[in-house]
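Here's a quick look at charge pairs and a greasy bit of surface. Have the viewer open while you read.

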Amino acid sequence: ISHWIFTLAFFALLFSGLALFIPGLSQWAASQTGRLAHRIAAVVLMVTPVFYMLTDRKGLAQLVKDSFSYDQDDRAWFKSFIPYVFGKARNLPPQVRINAGEKLHHAVIIFGFVVISVSGLILSFWTGIPATARLLTLLVHDAAMILLALLTIGHVFFVFVYGALSGMWNGYVTERYARLEHPKWLTEMKHDGKIATQ
């Protein structure tokens, strides 16, 4: 639920921000209605991690910890990244619940979230900001959003290449997918008796 709330708010922000650069839509985006829509989506985006923390504190803490923890297998995984992009995930170094690429993705998402949130708050509420500082903040805000948009494209690509949509939709993945992408995690789940059967 947190993932999808965050996703919907992100796309609302992305498209309402991009509309500023699209002829025919820029007038709406700069209007009071467009700015209000952007700010509402921003509030939803910033509140989502709080919602996640309130509903699954351990899960959020584990996600953050995993996103910044790399072992030898993770470092070796990056050497096989190019074949992985083209759908060749066999014989990769074994991975835990989040593979090395996902860890890097999450880490950048967390960093980008902080940057767009702080810069967005500055742009919204610091009315006396000097023109140069405002321009610099706007550039940082836009650059962070572009980076997050590119990561989102990559995220969607890998979801369909490796058939991970079920994990995003209902929280479950097939054993075949887990064996291919996250064998260390699968072994741990089997050891703990946490494998669901249908």
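What follows covers the salt bridges and then a nonpolar surface patch, all in a predicted model.

**Salt bridges**

Searching the whole structure turns up 6 salt bridges. Three of them are set out here, with the N to O distance for each.

| Acid | Base | N to O distance |
|---|---|---|
| aspartate 73 | lysine 184 | 2.7 Å |
| aspartate 74 | lysine 103 | 2.7 Å |
| glutamate 175 | lysine 190 | 3.0 Å |

Start with the salt bridge between aspartate 73 and lysine 184. This pair links distant parts of the chain, with aspartate 73 in helix H5 (residues 72–78) and lysine 184 in helix H11 (residues 183–191), 111 residues apart. Aspartate 73 has a relative accessibility of 24%, so it counts as partly exposed. Lysine 184 is partly exposed too, because its relative accessibility is 28%.

Next up are aspartate 74 and lysine 103, whose side chains meet in a salt bridge. Aspartate 74 sits in helix H5 and lysine 103 in helix H7 (residues 100–125), so this pair ties together parts that are 29 residues apart in sequence. Are these two buried or exposed? Both aspartate 74 and lysine 103 are buried, which here means under 20% relative accessible area.

Then there's glutamate 175 with lysine 190, another salt bridge between side chains. Here the link runs from glutamate 175 in helix H10 (residues 175–181) to lysine 190 in helix H11, and the two are 15 residues apart. Glutamate 175 has a relative accessible area of 33%, so it is partly exposed. For lysine 190 the value is 46%, so that residue is partly exposed as well.

Which residues are joined into one network by salt bridges that share partners? Those are Asp71, Asp73 and Lys184.

**The nonpolar patch**

Now for the greasy part. Ile1, Ile5, Leu36, Ile40, Val44 and Phe51 make a nonpolar surface patch of about 540 Å². Which helix gives the most to it? That's helix H3 (residues 32–55), with 4 residues.

Isoleucine 5, one of the patch members, is found in helix H1 (residues 2–18). Its relative accessibility is 31%, which is why isoleucine 5 counts as partly exposed. Patch residues need over 30% relative accessible area, and isoleucine 5 comes in at 31%.

Conventions. Residues numbered from 1 in each chain as written. Predicted model: local features only at pLDDT ≥ 70, side-chain atom pairs only at ≥ 80, totals over all residues. Heavy atoms only, no water. Patch = residues over 30% accessible without salt bridge, like charges linked within 9 Å, V, L, I, M, F, W, Y side chains within 5 Å. Areas by Shrake-Rupley, 256 points an atom, 1.4 Å probe, with all protein chains shown as cover. Salt bridge = Lys/Arg side-chain N within 4 Å of Asp/Glu carboxyl O. Buried < 20%, exposed > 50% of the residue type's maximum accessible area, 1.4 Å probe, protein only.
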